[in-house]
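Dear colleague,

I am passing on the structure we spoke about, followed by what was found in it. Please read the notes with the model open beside them.

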Amino acid sequence: MSRGVSRREAIATIGITAATGGCLRPELGEPNSPNASEATDDTVPPTRTDPPAVEDPWTFRGRAGMATPPTLAGELLFVGSVDNSLYALDAASGEQRWSFDVGSEPRLVRVAGDEVFVTTSREVYGLDVGSGEERFHADVGANLSRPVVTDDTIYAADDSTFYALDRSDGSEQWSFRGKGTLGYGAAERDGIIVTTDQGDVDRLPNDVSTVYGLDTESGEVLWETPVENDALISEVAFGDGVATVAGRYGLVAGFDAETGAVVWEHSVEKSGNHPQTPITARGRVYFTVGATTYALEQDTGAVVWEARGGGSDVRHRDGRIYVAPNGLIVLGYDADDGRTLFEQQLDPRMETRPPAISSAAIYYVDGGVQAVPRDNEVQAQ
């Protein structure tokens, strides 16, 4: 499944240090994990070095608009563009380090160790973090989901099949076929990968979705739990043994990761919007629905607080919950009580995509990429 001829477009001659160390779980803060995360204080990827200082705001435009949220890993920022390229930028200055043409529009980026992984609608590429050189290319299937990267495996699903791919070369290790429509994401912990099947989309909300716990080595179904009258469409957020998933029709639920038992369920008023992908941090579950951001207790699902101002997937950093309710402003809430701590005015062209956040800066997509030092945050009155 490897390809001999690289599409690599340009490689900078400046050498750089590998951006991350160790395995990177699917990040919430990036999408990281988007995505799922252990309950930690900061939902950002672990790195071997501190994030770079950003002295002044900078903007990178590239040749076209951006297709993915930004992904931060050490001194590099990665973003996919509608010009079919993945860009690696210097996180401090915005200078382009390298770019790589993946042949079609990138969908999501993951970074693990010295590799960066990027998916298109049907392909997965593994690239060297420092140079952008191609390590492998796998043509998997149609409508690929957001990938999960562990020490030796890449997990991804298309509409009907869940795949485990060898991280070194993209070769298929096993696959699992669901009952209905897969493809919305998963999370892995302790030998179990949890994923969802939203059932027959033509019949919802009158059909049954399913949450699966699969053995990471074999793909064997360890447990499956039906969920009636909702379509589970979010990525999975892990925390303290509970896997949290959100549905199209307002359900947010926690499942025991070892047994699949329903730990709690919570329904929200969706008002024409569905819950965005939840994250777990500080013993809580955070997510947005329309113009509202929620914090629930991770072990019970009880509402801790809700705040007016939602929008994109949430991010967490330094005890703050970040949301982008529209293309003009980003809000920061106190993760403990939901108080609005600050607001950041943005370029009017800003797209509503989850930002990447370090201790030094917030990185936004606005047709290009914009970095704003966090000491520029405007304190809320």
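Contact, as used below, means heavy atoms within 4.5 Å. This is a predicted model, in which local features need pLDDT of at least 70 and side-chain atom pairs count only at pLDDT 80 or more, while totals for chains, interfaces and linings use all residues. Residues are numbered from 1 along each chain as its sequence is written, and side-chain values use heavy atoms, with hydrogens and water left out.

To begin with the whole chain, its secondary structure comes to 0 helices and 34 strands, where helices (H or I, at least four residues) and strands (E, at least two) are DSSP runs numbered from the N terminus. Of the 381 residues in the protein chain, 60% are buried; buried means under 20% relative accessible area, exposed over 50%, and partly exposed in between, with a 1.4 Å probe and protein chains only. Among the contacts with a separation of 6 or more, 46% are between residues 24 or more positions apart.

Pro275 sits in the loop between strand S22 (262–267) and strand S23 (279–281), and counts as buried because its relative accessibility is 2%. Apart from neighbours within four places in sequence, Pro275 is in contact with Ala246, Gly247, Gly250, Leu251, Val252, Val268, Phe287, Thr288 and Val289. Another loop residue, Gly113, lies between strand S7 (108–112) and strand S8 (115–119), and at 11% relative accessibility Gly113 also counts as buried.

The largest nonpolar core (a set of buried Ala, Val, Leu, Ile, Met, Phe, Trp, Tyr and Cys residues joined through side-chain atoms within 4.5 Å) has 16 residues, of which Trp58, Phe60, Leu77, Leu89, Tyr363 and Val369 touch the most other members. Two or more residues of this core come from each of strand S2 (58–60), strand S4 (76–80), strand S5 (85–90), strand S32 (361–365) and strand S33 (369–373), and S32 gives the largest share, with 3 residues. Beyond its neighbours within four places in sequence, Leu89 has contacts that include Trp58, Phe60, Leu77 and Val369.

As for aromatic pairs, rings of Phe, Tyr and Trp (its six-membered ring) pair if their centres lie within 6.5 Å, and planes under 30 degrees apart count as stacked, over 60 as edge-to-face and the rest as tilted. The count by this rule is 12. One of them, Phe78 with Trp98, is tilted, at 5.9 Å centre to centre and 55° between the planes; this pair links distant parts of the chain, with Phe78 in strand S4 and Trp98 in strand S6 (residues 96–101), 20 residues apart. Both Phe78 and Trp98 are buried. Tyr155 and Phe162, by contrast, are stacked, because their ring centres are 6.1 Å apart and their planes are at 20°. Tyr155 is buried at 3% relative accessibility, Phe162 is buried at 2%, and the two form one aromatic cluster with Trp174.

Tyr155 also appears in the lining of the second largest pocket, where it is among the residues nearest the centre together with Asp152, Thr153, Thr216 and Glu217. A pocket here is an open set of points on a 1 Å grid over the protein atoms alone, where a 1.4 Å probe fits, with protein on both sides within 12 Å along at least five of seven lines, and lining residues have an atom within 4 Å of a point. The lining comprises 13 residues, with strand S12 (153–157) and strand S14 (172–177) each supplying at least two.

With best wishes
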